[in-house]
Amino acid sequence: MPKKISYPIAVRRYTVDGEPDREIVLVIGKPIPPKPPADEWSCPLLISGLSDKEFFHYVPGIDAIQALQLAMKRARHELDASKLPIKWLGEIGDIGLPRSIDPAYGLLRFQRLMEGIYDMAVDMVGQIALDLDTARKAKEAHKTIRKKRT
């Protein structure tokens, strides 16, 4: 019998390139507070359509936010591990779940360094896109000026 999450808080539907009738459904449930003697929260995670078996797991975390973050991380891992050409918004491989920098090694400095490198790369790509757009607009303006002169 198919699994259900009692209190779903997020649902995403994916397609598989080349299999128009196939759908992968990701459901993340409301984080569940710990019940004694447990001291960890857990977040239900359900993925159907990856294979003939559903993936259902309670992802533990220190608090509700960490359980939710780790559930999203686990979902990304499971979707990527399937090696299927999964599509969300039309582009193969775009599953809409960000890859996080894992601080689990206890290396806060490393995490901050990686975040800084990521921010720098985003800024550089943004500047390149801006420069290309500016160059394209300048080229179009130059063409318009030449047309008006003739």
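**Figure 1. Valine 16 of strand E1 stands opposite glutamate 19 in strand E2.** The model shown here and in the other views is predicted. Strand E1 covers residues 8-16 and is joined to E2 by eight bridges, the two strands running antiparallel. Together E1 and E2 make a hairpin that has two residues between the strands. Glycine 18, in the turn, has a positive phi of about 85°. Another position along the pairing is that of arginine 12, which stands opposite leucine 26 in E2.

**Figure 2. Five strands form an open sheet in the order E4-E3-E2-E1-E5.** The pairing in this sheet is antiparallel. Strand E4 (55-61) and strand E5 are the edge strands, each of them pairing on one side only. Strands of a sheet pair through backbone hydrogen bonds, in a parallel or an antiparallel manner. Between E1 and E5 there are two bridges, and these strands run antiparallel. Threonine 15 has lysine 87 of E5 as its bridge partner.

**Figure 3. Arginine 13 and glutamate 23 form a salt bridge between their side chains.** The N to O distance is 3.4 Å. Because arginine 13 belongs to strand E1 and glutamate 23 to strand E2, the pair ties together parts that are ten residues apart in sequence. Arginine 13 is partly exposed at 49% relative accessibility. Glutamate 23 is also partly exposed, with a relative accessible area of 41%. In total, the count for the model comes to eight salt bridges.

**Figure 4. A salt bridge links aspartate 17 with lysine 87.** The closest N and O atoms of this pair are 3.4 Å apart. Aspartate 17 is in the loop between E1 and E2, whereas lysine 87 is in strand E5, so the contact ties together parts that are 70 residues apart in sequence. The relative accessible area of aspartate 17 is 35%, and the residue counts as partly exposed. Lysine 87 is also the bridge partner of threonine 15 in the pairing of E1 with E5.

**Figure 5. Two charged side chains lie over aromatic rings: arginine 12 over tryptophan 88, and lysine 30 over tyrosine 7.** Arginine 12 is placed over the face of tryptophan 88, at 3.7 Å from the ring centre. In the other pair, the charged end of lysine 30 sits 5.8 Å from the centre of the tyrosine 7 ring.

**Figure 6. Phenylalanine 56 and tyrosine 58 form an edge-to-face aromatic pair.** A search of the whole structure finds one aromatic pair. The ring centres of phenylalanine 56 and tyrosine 58 are 5.1 Å apart, and the planes meet at 85°; the pair is therefore edge-to-face, as planes over 60 degrees apart are assigned to that class. Phenylalanine 56 is partly exposed at 24% relative accessibility. Tyrosine 58 is partly exposed with a relative accessible area of 46%.

**Figure 7. Aspartate 133 and lysine 137 meet in a salt bridge within helix H2.** Their side chains have an N to O distance of 3.2 Å. The two residues are four apart in the helix, which means a separation of about one helical turn. Salt bridges with shared partners join Asp133, Arg136, Lys137 and Glu140 into one network. Aspartate 133 is partly exposed, with 27% relative accessible area, and lysine 137 is partly exposed at 48%.

**Figure 8. Six residues make up a nonpolar patch on the surface: Phe110, Leu113, Met114, Ile117, Met120 and Met124.** Together they have about 560 Å² of accessible area. Methionine 120, one of the patch residues, lies in helix H2, which spans residues 108-149. Methionine 120 is partly exposed, its relative accessible area being 48%.

**Figure 9. Two loops contain backbone features: a cis peptide bond at proline 36 and proline 37, and a positive phi at lysine 83.** Most residues other than glycine have a negative phi, and most peptide bonds are trans. The bond that joins proline 36 and proline 37 is cis, with omega about 10°. Proline 37 is in the loop between strand E2 (19-29) and strand E3 (41-48). Lysine 83 is not a glycine, yet its phi is positive, at about 65°. Lysine 83 belongs to the loop between helix H1 (64-81) and strand E5 (86-87). With 72% relative accessibility, lysine 83 counts as exposed.

Terms used
Residues numbered from 1 in each chain as written. Predicted model: local features only at pLDDT ≥ 70, side-chain atom pairs only at ≥ 80, totals over all residues. Heavy atoms only, no water. Patch = residues over 30% accessible without salt bridge, like charges linked within 9 Å, V, L, I, M, F, W, Y side chains within 5 Å. Areas by Shrake-Rupley, 256 points an atom, 1.4 Å probe, with all protein chains shown as cover. Salt bridge = Lys/Arg side-chain N within 4 Å of Asp/Glu carboxyl O. Buried < 20%, exposed > 50% of the residue type's maximum accessible area, 1.4 Å probe, protein only. Pairing = 2+ DSSP bridges. Phe/Tyr/Trp six-rings, centres within 6.5 Å; stacked < 30°, edge-to-face > 60°. Lys NZ or Arg CZ within 6 Å of the ring centre and 35° of its normal.
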